[in-house]
Amino acid sequence: MSYRRDKQKFPKGKVLSGLLVLFIAYVIFGTSAGDVLHKGLERVSIPLWRAEGESMFSAGIIGAFQSKLKLTAENEKLKKELRDLGLKLLDRNLLYEENLLLKEKVGRGNIDESIFARVLTRPGQSLYDTLIIDVGSEVGLRGGERVMYEDTILIGSIAEVGEKTSKVKLFSTFGEEISVEIGENMVSAIATGHGSGNFEIKVPRETPVKEGDVILAPSLMPHMLGTVEHIESKPNDPFERILFKSPVPLFEINYVVVLLGK
Amino acid sequence: MLIRVIADIVIFFSILYTPFWLTLLALIGAAFYFRSYYELIGGGILIDMLYGTPLVKFFDVSFITTIITVSLYFIIDRIKQNIR
């Protein structure tokens, strides 16, 4: 004797309730109702994220005391690195001062104000390639401001502003595009994000670009995005692919600088 | 009931602190374990509210996790019905 399972009815009600949930989500995310909820969430999540940052910091200290010898060796190494970096920074600061002086002489001396921000969450905690930072409309952010790492490397822009937090959209997010200039010849191109700090640029073959060339985002004070790491060209393709990666450790980033002028 | 509340708290902290794949695994696991685990959808909404922003890769939709969790809720519900 064989048994046939009853044909299950098409779950109309469930599909409708699913659609209803999506409609509610659309309303929440698309209207000011979302802002009210977001403010409430901000109040709960900020202290928790901050507490995590502090506990990680103290865990780092405890870890460092675990091995005295290791600590001494590391200390020596860091001192040497710091010395080298100090020299490089001195050179860079001299050039920067000279740059400002020259711009002042031609009447373009107004440099964007900036604000230091702590990173509360990094990419990886969601499908969105975003950072959440601890400054918002309270300090005058309005959205669209550029976000830098260590004052020199451009990483993204402010996408959404809350009262005390903001979401930073990374330029390296898959599909995002940004205008760039490559190398000494300032070749203009569009860099497309490939996720996790990776970018791709397509330029016609024979374009004067070589590995190691600096890639800048054009502005009065050009900001660096990275350096050309690999150039891929095929004999039957009139274009070549330039691949590069942002030098910023996006998954370990703790602080960023937000330029207040858009 | 107590286990469910504890699971919800763990998942809430997971949303705040752990990588996305771990949160998703926890949500799926809980959806299989508990009956009518609506928190799966709630978790998706929470993730989108905290981290969501319109991105080209998601066709400028800022509640993609909600869409995923709603779909997952019905898929898991269906699987549970079939294996019962």
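## Burial and overall make-up of chain A

In this predicted model, 25% of the 262 residues of chain A count as buried. The chain is built from three helices and 13 strands. Take the contacts in chain A between residues at least 6 apart in sequence: 53% of them join residues at least 24 apart.

The domain assignment splits out domain 1 (12-63) and domain 2 (112-262) of chain A. Where these two meet, five residues of domain 1 are in contact with seven residues of domain 2. The domain 1 side of that meeting place has two nonpolar, one polar and two charged residues.

## How far to trust it

Chain A comes with a mean pLDDT of 79, and 82% of its residues reach 70 or more. Confidence varies along the chain: among its elements, α2(A) has the lowest mean pLDDT, 68, while β5(A) has the highest, 91. As a rule, predicted coordinates should not be read in detail where pLDDT is low.

For chain B the mean pLDDT is 89, and 100% of its residues reach 70 or more. The model as a whole scores ipTM 0.82 and pTM 0.73.

## Where the chains meet

The contact between the chains takes 28 residues from chain A and 24 residues from chain B. On the chain A side, the elements that give two or more residues are α1 (12-30), α2 (32-64), β4 (153-161) and β5 (166-170). So which classes of residue does chain A bring to this contact? By class, its side has 13 nonpolar, nine polar and six charged residues.

Two of those contributors already came up under confidence. The contact draws on both α2 and β5 of chain A, and these are the elements with the lowest and the highest mean pLDDT in that chain.

## Two nonpolar cores

The largest nonpolar core has 35 residues. Those with the most contacts inside it are A:Ile133, A:Ile155, A:Val256 and A:Val258. β4(A) gives the most to this core, with five residues.

A:Ile155 is a handy place to start looking around. Leaving out residues up to four places away in sequence, A:Ile155 touches A:Val147, A:Met148, A:Tyr149, A:Leu170, A:Phe171, A:Ser246, A:Val248 and A:Val256. There is also a second, separate core of 24 residues, which includes B:Ile11, B:Leu24, B:Leu27 and B:Tyr73.

## Two helices of chain B

α3(B) has 13 residues and reaches 18 Å from its first C-alpha to its last, close to the 18 Å expected at 1.5 Å a residue. The helix is mostly covered, with 12 of its 13 residues buried. Among them are the glycines B:Gly43 and B:Gly44, along with B:Glu39 and B:Asp48.

α4 (residues 64-83) of chain B has 20 residues and spans 29 Å between its first and last C-alpha, close to the 28 Å expected at 1.5 Å a residue. Its buried residues are B:Ile64, B:Thr65, B:Thr66, B:Thr69, B:Val70 and B:Tyr73. B:Tyr73 also turns up in the second core.

## Loop residues worth a click

Two residues other than glycine have a positive phi. A:Met186 has phi near 50° and is found in the loop between β6 (177-182) and β7 (187-195) of chain A. Is A:Met186 buried or exposed? A:Met186 is exposed, because just 11 other C-beta atoms lie within 10 Å. In chain B, the positive phi belongs to B:Phe59, at about 55°. B:Phe59 is found in the loop between α3 (39-51) and α4, and it has 9 other C-beta atoms within 10 Å, so it counts as exposed.

A:Glu229 lies in the loop between β10 (223-227) and β11 (230-233) of chain A. It counts as partly exposed because it has 15 C-beta neighbours inside 10 Å. What does A:Glu229 touch, not counting residues up to four places away in sequence? Its contacts are A:Glu211, A:Leu243, A:Phe244 and A:Lys245. For A:Glu229 and A:Leu243, the separation is 14 residues in sequence and 5.9 Å in space, C-alpha to C-alpha.

Notes. Residues are numbered from 1 along each chain as its sequence is written. Chains are lettered from A and ligands numbered from 1 in the order in which they are written. This is a predicted model: local features need pLDDT of at least 70, side-chain atom pairs count only at pLDDT 80 or more; totals for chains, interfaces and linings use all residues. Domain bounds come from an automatic or database domain assignment. Ala, Val, Leu, Ile, Met, Phe, Trp, Tyr, Cys and Pro count as nonpolar, Asp, Glu, Lys and Arg as charged, and the others, Gly among them, as polar. Helices (H or I, at least four residues) and strands (E, at least two) are DSSP runs, numbered from the N terminus. A nonpolar core is a set of buried Ala, Val, Leu, Ile, Met, Phe, Trp, Tyr and Cys residues joined through C-beta atoms within 7 Å. A residue is buried if 20 or more other C-beta atoms lie within 10 Å of its own, exposed if 12 or fewer, and partly exposed in between; C-beta atoms are placed from the backbone. The expected span of a helix is 1.5 Å times one less than its number of residues. pLDDT is the predictor's confidence in each residue, from 0 to 100.
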